Amino acid sequence: MTRIAFLGLGRMGVPMAARLLAAGHDLAVWNRTPARAAPLAGAGATAAATPAEAAAGRDLVITMLTDADAVEAALFGPAGAVAALAPGAVIADMSTIGPDAVRRVRDRLPAGIGFVDAPVSGSVPQAEAGELVILAGAAENDLARCTAAFEALGHVRHAGPPGAGAALKLVVNGALVAGFATLGEALAVADRLGVDTGLALELLSRVSPQARRLLDGEGPPRFTLALAAKDLGLALDGAAQGGVLSAVQAHARAALGDGLGGRDLTSLTDHIRRNAQMRVTLGNPDTVPAPPNPAYSHTAYVTQGPILYVSGQIAMDEDGKVDAPGDMTRQCEVIFSLLGRILTAHGAGFDDVVNIRTFLTDMDLRAEYAAVRYRHITGTPPTSTTVEVPRLFHPDALIEIELVAAVP
């Protein structure tokens, strides 16, 4: 029997503490919200009012908290556990705080206090069954003093010295989050190709454990998107931008921005899937006055999808001559014909245009231009700029038009 203090009774902490209690260990528990400790106290644990009270007289202090700030507050803050520890005690941090924070915590401990960083791989079902994989970073003698407690929680993989367990956990969670993100894009492809979702997931589940999770349905959160995004941020801290995980991080941040932080990580798949199709929003924010002329919008907001940039087009024929010198209407018709063919070649149309930039040699002719433009762009007007210039690169050209379109 080991005298253990368990600090942090979140979704993972409660079943882990219950496993320790059921294994016969003398357990004291503390949580920032005391009500979370009540069921464990009813089962025989000692509910402590502070981390120091929980840690007093204990051989092992386990922290299972949200982030590095919470761990440091519980250990070193007012009524923190470290001040109450006897020489020879061991702290095992089973949170996911990253190797830098692990080293920072270890360096603050007084002499004679052992330290093990031991984040876990697994979720609530594995915690309840005692089947977690404990990724331990520690000196051999410190890890040995945790053996009896860890046996009740799962299986230990000794990754190396302190910090090694935390580093390995970030590697594992990076791949985990990326797997759910990839499934979001794969299911978006299935949608586009008309493949049944259930059939796609059935086949994907043969190669992807994340797909098997999706077949189970979301259910109560096992690993929230907010925690997953936090771990991904730790993994990428200081890394060069770019690459798959950076793209996954951008998706995770977008999902957090849409209020999904408290949902299970599986919600990332659905969020990516729903947003995989290009969306264009043309309009005018309430924070600024509407345009003085309804022919254009202040903003074009594009999510996902490729963007097509079309360089300035003039009414030039195959021989390099301008069609109808002096005729603004005819030149506009030729240009919009060219633009239409360019858009079509890329799977887009005039409804997908988000910005037009027009150069006129005579602003007094803009009404003729507008009449042609309105025949082609009939929906919500895109953002646009029209400027007068003294001349274009071809002396017979009266107008040049460039545009940006979002490709569906």
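This report describes selected helices, cores, annotated spans and single residues of a predicted model.

## Annotated spans

UniProt, in an unreviewed entry, places the feature "domain: 6-phosphogluconate dehydrogenase NADP-binding" at residues 3-155. In the model this span is 37% helix and 22% strand. The C-alpha atoms at its two ends lie 20 Å apart.

A second feature from UniProt, also in an unreviewed entry, is "signal peptide", listed for residues 1-17. Residues 1-17 are 29% helix and 29% strand in the model, and their end C-alpha atoms are 14 Å apart.

## Nonpolar cores

The largest nonpolar core has 34 residues. Within this core, Phe6, Met16, Met94, Val116 and Phe150 touch the most other members. Several elements each supply at least two residues of the core. The strands among them are β1 (3-7), β2 (26-30), β4 (60-63), β5 (90-93) and β8 (132-137); the helices are α1 (13-22), α6 (124-129) and α8 (147-153).

Leaving aside residues up to four places away in sequence, Phe6 touches Gly13, Met16, Ala17 and Leu20. Its contacts also include Leu27, Ala28, Val29 and Trp30, together with Ile62 and Met64. Apart from the largest core lies another core, of 27 residues. Ala55, Leu75, Val105 and Phe115 are among the residues of that other core.

## Helix α5

Helix α5 covers residues 99-108, and Pro99, Ala101, Val102 and Val105 are buried in it. Seen down the axis of α5, these buried residues fall within an arc of 160°, so they line one face of the helix. They pack against α4 (68-76), β6 (114-117) and α9. One of the buried residues of α5, Val105, also belongs to the core of 27 residues.

## Helix α12

Helix α12 runs over residues 225-236 and has twelve residues. From its first C-alpha to its last it reaches 16 Å, close to the 16 Å expected at 1.5 Å a residue. Leu225, Ala228, Ala229, Asp231, Leu232 and Leu236 are buried in α12. They cover an arc of only 160° around the axis, which puts them on the same side of α12.

What covers these buried residues includes three helices: α9 (164-193), α13 (244-257) and α14 (266-275). After α12 comes Gly238, which has a positive phi, near 85°.

## Two alanines with positive phi

Most residues other than glycine have a negative phi. Ala79 has a positive value, near 60°. This alanine lies in the loop between α4 and β5, and with a relative accessibility of 39% it counts as partly exposed.

Ala324 also has a positive phi, near 55°. Ala324 sits in the loop between β12 (307-313) and α15 (328-345). Its relative accessible area is 22%, so Ala324 is partly exposed, given that buried means under 20%.

## Cysteines

A search of the whole structure finds zero disulfides. Cys146 has a relative accessible area of 0% and is buried. Cys332 is likewise buried, at 0% relative accessibility.

## Ser121 and Glu402

Ser121 is found in strand β7, residues 120-121. With a relative accessible area of 25%, Ser121 is partly exposed. Ser121 touches Leu132, Val133, Leu135 and Val172, residues up to four places away in sequence not being counted. From Ser121 to Leu135 there are 14 residues in sequence and 7.3 Å in space, C-alpha to C-alpha.

Glu402 is found in strand β15, residues 399-406. Glu402 is partly exposed, at a relative accessible area of 28%. With residues up to four places away in sequence left out, Glu402 touches Val310, Ser311 and Gly312, as well as Asn355, Ile356, Arg357 and Phe359. Glu402 and Ala5 are 397 residues apart in sequence, and their C-alpha atoms are 68 Å apart in space.

Key:
Residues numbered from 1 in each chain as written. Predicted model: local features only at pLDDT ≥ 70, side-chain atom pairs only at ≥ 80, totals over all residues. Heavy atoms only, no water. Helix = DSSP H or I, 4+ residues; strand = E, 2+ residues; numbered from the N terminus. Expected span 1.5 Å × (residues − 1). Buried < 20%, exposed > 50% of the residue type's maximum accessible area, 1.4 Å probe, protein only. Arc of directions from axis to C-beta. Contact = heavy atoms within 4.5 Å. Disulfide = S-S within 2.5 Å. UniProt positions renumbered as here; feature names shortened; annotations may be inferred. Core = buried A, V, L, I, M, F, W, Y, C linked by side-chain atoms within 4.5 Å.
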